[in-house]
Amino acid sequence: MTIYNLGSINADHFYRVGHLPLPGETLAAADYSRGLGGKGANMSIAAARAASRVVHVGAVGPDGGWATDYLLESGVLTQHIQRLDVPTGHAIINVDASAENTIVLFPGANREIALASVMAALAEAGPQDSFVTQNETNAQADGLRLARSKGMRTVYAAAPFDVAAVQAALPHIYMLVLNEVEAQQLEQATGQRLTDLGVADVVMTLGAEGCRWFHGKQQQDFAAHKVTPVDTTGAGDTFTGYLLAGLDQGMPMAQAITLAQKAGAVMVTRQGTADVIPDLKDVRDAFPPE
Ligand code: ADP
């Protein structure tokens with residue numbers, strides 16, 4: 001079984017600055033580092049480290065070979081990542097001494113993915129496979145529609161939140177994953193409760209409070225594991241990647257959520273993003289099976 005992820009790939013450029021630049025100011029950074037970012041890339045890596053077969057569908061620019069290599073080294077299949085003549089999606093992240101930041105995000109190749117390449121990627125996919133996407137690429141609804149027509153398990157992660165993007169996805173999905181803030185925004189914008197969206201399974205993550213699963217008119221709460229968080233970046237992406245992997249591997253929903261919660265808890269104890277997404281062994285070491 002394979003998880004196809006139509007997802008973003010970003011270069012995150014971090015600059016350490018004494019203060020955040022003011023209008024008109026030119027500022028020298030004290031330090032620079034680059035990392036792989038993008039919700040899509042994070043989810044692919046999480047699902048691959050959870051031992052699923054993951055095909056990432058996306059695009060980078062001429063400067064994006066390192067990002068594709070990083071995904072490949074993380075166990076993600078990369079043959080459906082297009083190399084386009086536009087810049088790789090990237091974020092310019094200035095971080096000051098008090099950890100306050102400003103971020104400029106350029107979607108670049110993430111918004112130029114050819115639908116034909118999504119179709120090519122899904123050519124051999126079928127009902128045993130999953131398809132997931134988030135709101136950082138183009139072709140989300142078209143990809144979901146195509147995947148659903150093939151009988152695939154279609155999943156949408158409603159982040160970064162945009163009501164039009166979620167509404168375009170809703171008719172085509174079996175599962176929606178979103179955090180509490182996104183859930184509130186969705187309920188406010190649509191006037192509908194999460195249980196009335198017509199989606200079979202909705203999973204709302206609640207940070208340190210765990211998560212809630214809505215299925216039909218029923219709901220079930222899952223308490224989070226008690227850990228000391230260091231950096232919550234990427235917790236949601238890790239959770240979703242593991243949830244998909246658990247379902248892909250045939251786990252019932254409650255078991256897949258339990259696994260995803262363990263992975264999310266490990267993730268928040270680590271500083272960093274793609275590089276520190278845990279693998280199954282890390283998760284088992286942190287939470288040994290009873
Ligand atoms: P997002 O990053 O999308 O806002 P959340 O912060 O809700 O997502 O986190 C996703 C999941 O990660 C949670 O449902 C939970 O399982 C786990 N998690 C997040 N923060 C913590 C925490 N402080 N302690 C334990 N688990 C956490």
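Which residues does Thr-205 touch, not counting residues up to four places away in sequence? I began with this question and worked on a predicted model.

**Entry 1: Thr-205**

I listed the partners of Thr-205 and found Leu-178, Asn-179, Glu-180, Gly-210, Cys-211 and Phe-239, with residues up to four places away in sequence left out. I then placed Thr-205 in the secondary structure: it belongs to strand β11, which covers residues 201–205. I also looked up its accessibility. Thr-205 has a relative accessibility of 15% and therefore counts as buried, the limit being under 20%.

**Entry 2: the ligand**

I turned next to the ligand and noted 18 residues around it, of which Asn-179, Thr-205, Gly-207, Gly-210 and Gln-261 come nearest. Thr-205 thus appears again in this entry, and two of its partners from the previous entry, Asn-179 and Gly-210, are on both lists.

I looked up the polar atoms that face the ligand. The side chain of Asn-179 has an N or O atom 3.0 Å from an oxygen atom of the ligand. For Gly-207, a polar backbone atom lies 2.8 Å from a ligand oxygen. For Gln-261, the distance from an N or O atom of the side chain to a ligand oxygen is 2.8 Å. I recorded the cover as well: on its own the ligand has 550 Å² of accessible area, and the protein covers 84% of this.

Which helix gives the most to the shell around the ligand? I found that α8 does, with four residues. Both α7 (235–248) and α8 (253–268) supply at least two residues each. By class, I noted ten nonpolar and eight polar residues in the shell, and no charged ones.

**Entry 3: the nonpolar cores**

I then examined how nonpolar residues are grouped. In soluble globular proteins, nonpolar side chains tend to be buried together. Here the largest nonpolar core has 44 residues, and Val-203, Tyr-242 and Leu-243 touch the most other members. Helix α8 gives the most to this core, with seven residues; α8 also gives the most to the ligand shell.

I followed Tyr-242 in detail. Beyond its neighbours within four places in sequence, Tyr-242 is in contact with Ala-46, Arg-49, Ala-50, Leu-259, Ala-260, Ala-263, Pro-278, Asp-279, Leu-280 and Val-283. Apart from the core of Tyr-242 lies another, of 35 residues, including Ala-109, Ala-165, Leu-194 and Phe-214.

**Entry 4: two histidines**

I looked up His-19 and found it in the loop between β2 (10–16) and β3 (31–37). Is His-19 buried or partly exposed? His-19 has a relative accessible area of 35%, so I recorded this residue as partly exposed. Neighbours within four places in sequence aside, His-19 is in contact with Glu-25, Leu-27 and Asp-96. With Glu-25 there is a polar contact between the two side chains, at 2.8 Å. I also noted that His-19 and Asn-94 are 75 residues apart along the chain, while their C-alpha atoms are separated by 8.8 Å.

I then looked up His-172, which sits in the loop between α5 (163–169) and β10 (175–179). Its relative accessibility is 12%, so His-172 counts as buried. Its contacts outside four places in sequence are Ala-141, Leu-144, Arg-145, Arg-148 and Thr-154. As a last check, I took the C-alpha distance from His-172 to Ala-245: the two are 20 Å apart in space and 73 residues apart in sequence.

Terms used: Residues are numbered from 1 along each chain as its sequence is written. This is a predicted model: local features need pLDDT of at least 70, side-chain atom pairs count only at pLDDT 80 or more; totals for chains, interfaces and linings use all residues. Side-chain values use heavy atoms; hydrogens and water are left out. A residue is near a molecule or strand if one of its heavy atoms lies within 4 Å of it. A polar contact is a pair of N or O atoms within 3.5 Å; within protein, one must be able to donate a hydrogen and the other to accept it, and residues adjacent in sequence count only if both atoms are side-chain atoms. Accessible areas come from the Shrake-Rupley method with a 1.4 Å probe; for residues, only the protein chains shown count as cover. Ala, Val, Leu, Ile, Met, Phe, Trp, Tyr, Cys and Pro count as nonpolar, Asp, Glu, Lys and Arg as charged, and the others, Gly among them, as polar. Buried means under 20% relative accessible area, exposed over 50%, partly exposed in between (1.4 Å probe, protein chains only). Contact means heavy atoms within 4.5 Å. A nonpolar core is a set of buried Ala, Val, Leu, Ile, Met, Phe, Trp, Tyr and Cys residues joined through side-chain atoms within 4.5 Å.
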